[in-house]
Amino acid sequence: MTTNTADDALVSSTGAEVRPRWTGAQLIVVLVIGTAALMVSLTQALLVPVLSELAVDLRAGGDGVAWILTSTLLVGAVAVPAFGRLGDLFGTRRMLLVTLGALIAGSLICALAHNLTTMIIGRSVVGLAVAAVPLSISLIGVTLPRAHAPAGIALISAMLGVGGALGLPLAGLVAQYADYHWLFWICVAGGVLTVPGIVLLVKEPKRVAKGRMDLIGTVLLGAAMLALLLPLAQGASWGWTDPWTIGLLTAAVVLLVVFVLVELRRASPLVDVRTTARPSLLLTNIASLCVGFALFATLIGTASYVQAPAATGYGFGKSILVGGLCMLPGGIAMLLLSPFSARLRPRTALIIGSLIIAAGFVTRIVLVDSLWQVVVGATISGAGTGIAYAAMPGLIIHAAPRAELAAANGLNALFRSVGSSLASAIGGGILAAMTITLAGHALPSLTGYRTLFAICAGAAVLAALLAVFIPAHAQDAEAALPDE
């Protein structure tokens with residue numbers, strides 16, 4: 001496959017620039033890599049609607065079932081930055097294949113699992129595959145010609161949201177008509193189908209990074225992420241004032257400070273702290289955290305909202321399948337609007353997308369009378385998420401040096417993941433604190449949901465404000481896309 005060149009754009013006889021057409025080979029490459037990213041992002045939402053079924057089948061309590069999700073989150077937090085740097089040093093395509101191998105192996109373990117321990121082991125292996133999405137973004141960026149790279153990157157990035165939105169209705173469908181193990185077999189099949197396509201159709205880009213893997217930095221960052229994300233995932237059951245919760249959060253701050261100080265002295269760091277601190281990257285990453293927060297809150301605040309009994313005053317008493325289907329239009333909107341994002345300047349797209357997300361949550365606060373109103377609000381938020389997510393790699397790819405591109409995309413994905421974890425912790429805390437009692441059971445109140453939606457709207461507006469201050473040229477470092 002041809003790498004990017006400055007001469008991709010043609011000039012007509014009238015002097016007007018004519019963008020080259022997509023070739024069949026280029027479209028197939030985007031399809032193959034996009035499918036790989038979609039399968040990985042699906043794994044992060046597939047189990048949410050079937051957790052109660054898992055608890056019964058695996059004879060596990062609430063804490064045990066929570067570890068099925070937490071294990072993937074924790075391993076992914078370590079794998080994303082590590083595989084990003086490994087991709088820069090040893091080949092992005094090679095590391096993408098390794099992560100897809102983890103997706104296949106982990107999903108296979110889960111598909112065959114009939115006890116909690118085996119399921120957690122399988123989901124931990126799947127956590128390694130979380131790094132596949134930022135690796136896919138980096139691979140597309142240096143594989144497609146310059147004229148088509150933005151559209152390809154936007155599509156792959158949007159898969160992070162699309163997978164989550166499609167995963168819920170798919171899981172609901174399987175939960176209603178089949179055994180939940182089929183969810184894992186679907187992931188196995190998807191991984192098996194994508195690996196040969198990448199092996200045969202995608203060439204390994206030329207590597208420009210030098211140095212060695214920073215094992216000390218990897219351990220420090222991994223420990224910091226574990227110390228941060230573990231209490232966020234388990235704080236509701238441990239208690240937010242529990243010594244373990246406070247101790248781990250304090251340890252996370254200390255470890256992050258130590259990590260920064262160590263990385264500043266390393267000749268070949270895991271994360272180039274000086275480059276990451278530049279406004280174009282730092283502000284993009286913080287905005288990504290805010291958008292990641294809003295996206296996950298959409299997931300936890302739609303399906304359960306629709307499934308709540310009508311007696312709550314807001315719910316509709318619908319099935320798991322209907323609750324998941326309410327997310328489907330938003331997923332389709334993410335997919336369809338990613339090319340639109342690619343046509344805009346990345347900073348502009350991030351501002352527009354974030355404001356649309358905020359508008360969607362305001363709609364959710366105001367319109368609560370009918371099911372279609374919930375779908376409209378979720379779809380508006382989904383559309384904004386698709387535009388915003390598609391814009392972020394464009395900002396990263398123009399601000400990060402080519403030799404650090406995969407690591408920079410991995411760090412950006414890590415910020416999104418932290419945002420989702422914060423949404424889970426804060427949203428779960430709000431919904432658990434603001435409740436109504438119905439037939440002896442405590443259920444989230446409408447005020448609780450509205451409070452969550454208001455916080456999400458505020459997070460989206462903050463992302464837009466941060467984007468305003470991203471340097472317009474977004475060229476603080478050498479462009480990641482080479483001219484020749």
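Here is a walk through the structure above, which is a predicted model.

Let us begin with helix α6, which runs over residues 132–143. With 12 residues at 1.5 Å a residue, α6 should span 16 Å, and its end C-alpha atoms are indeed 16 Å apart. What surrounds this helix? Of its 12 residues, 12 are buried, so α6 is largely enclosed by the rest of the structure. The buried residues include A132 and P134 towards one end, and V142 and T143 towards the other.

Two residues of α6 are worth a closer look. V133 sits in this helix and is buried, with a relative accessible area of 1%. Once neighbours within four places in sequence are set aside, V133 is in contact with A37, V40, I156 and L160. Take A37 from that list: 96 residues separate A37 from V133 in sequence, while their C-alpha atoms are 5.0 Å apart in space. G141 also belongs to α6, and its relative accessibility of 0% makes G141 buried. If you look from G141 to P393, you cross 252 residues along the chain, yet the C-alpha atoms of the two are separated by 9.0 Å.

Next, please turn to helix α16, residues 346–366, where you will find S354. S354 has 0% relative accessibility and therefore counts as buried, the limit being under 20%. Leaving out neighbours within four places in sequence, its contacts are V291, A388, A460, A463 and A464. Three of these names lead us on to another helix: A460, A463 and A464 are among the buried residues of α19.

Helix α19 covers residues 446–468, and its 23 residues, at 1.5 Å each, should span 33 Å. The C-alpha atoms at its ends are 33 Å apart, in agreement with that figure. The buried residues of α19 include several alanines, such as A457 and A459, together with G448, Y449, F453 and C456.

Just before α19 in the numbering, you will meet a pair of strands. Strand β3 (residues 435–438) and strand β4 (residues 441–444) run antiparallel and are joined by 4 bridges. You can follow the pairing residue by residue: T435 has P444 of β4 as its bridge partner, and T437 stands opposite A442 in β4. How many residues lie between β3 and β4 in the hairpin? There are 2 residues between the strands, and A439 in this turn has a positive phi of about 55°.

Now let us move to the region around helix α10, residues 243–263. L261 is part of this helix, and is it buried or exposed? Its relative accessible area is 52%, so L261 is exposed, the limit being over 50%. L261 also has company on the surface: V253, V257, V260, L261 and L264 form a nonpolar patch, with about 400 Å² of accessible area together. L264, a member of that patch, lies 10 residues from R274 in sequence, with 7.5 Å between their C-alpha atoms. R274 is in helix α11 and counts as exposed at 54% relative accessibility.

Between these two helices there is one more feature to visit. Side chains of opposite charge can pair when their charged atoms come close. Here the count comes to 1 salt bridge. Which side chains meet in this salt bridge? They are those of R266 and D214, at 3.1 Å from N to O. R266 lies in the loop between α10 and α11 (273–276), and D214 in the loop between α8 (181–201) and α9 (215–238), so the pair ties together parts that are 52 residues apart in sequence. The two partners also have their own settings: R266 is partly exposed, at 32% relative accessibility, whereas D214 is buried, with a relative accessible area of 0%.

Key. Residues are numbered from 1 along each chain as its sequence is written. This is a predicted model: local features need pLDDT of at least 70, side-chain atom pairs count only at pLDDT 80 or more; totals for chains, interfaces and linings use all residues. Side-chain values use heavy atoms; hydrogens and water are left out. Patches are made of residues with over 30% relative accessible area and no salt bridge: like charges are joined within 9 Å, nonpolar side chains (Val, Leu, Ile, Met, Phe, Trp, Tyr) within 5 Å. Accessible areas come from the Shrake-Rupley method with a 1.4 Å probe; for residues, only the protein chains shown count as cover. A salt bridge is a side-chain nitrogen of Lys or Arg within 4 Å of a carboxyl oxygen of Asp or Glu. Buried means under 20% relative accessible area, exposed over 50%, partly exposed in between (1.4 Å probe, protein chains only). Two strands pair if DSSP finds at least two bridges between them. The expected span of a helix is 1.5 Å times one less than its number of residues. Contact means heavy atoms within 4.5 Å.
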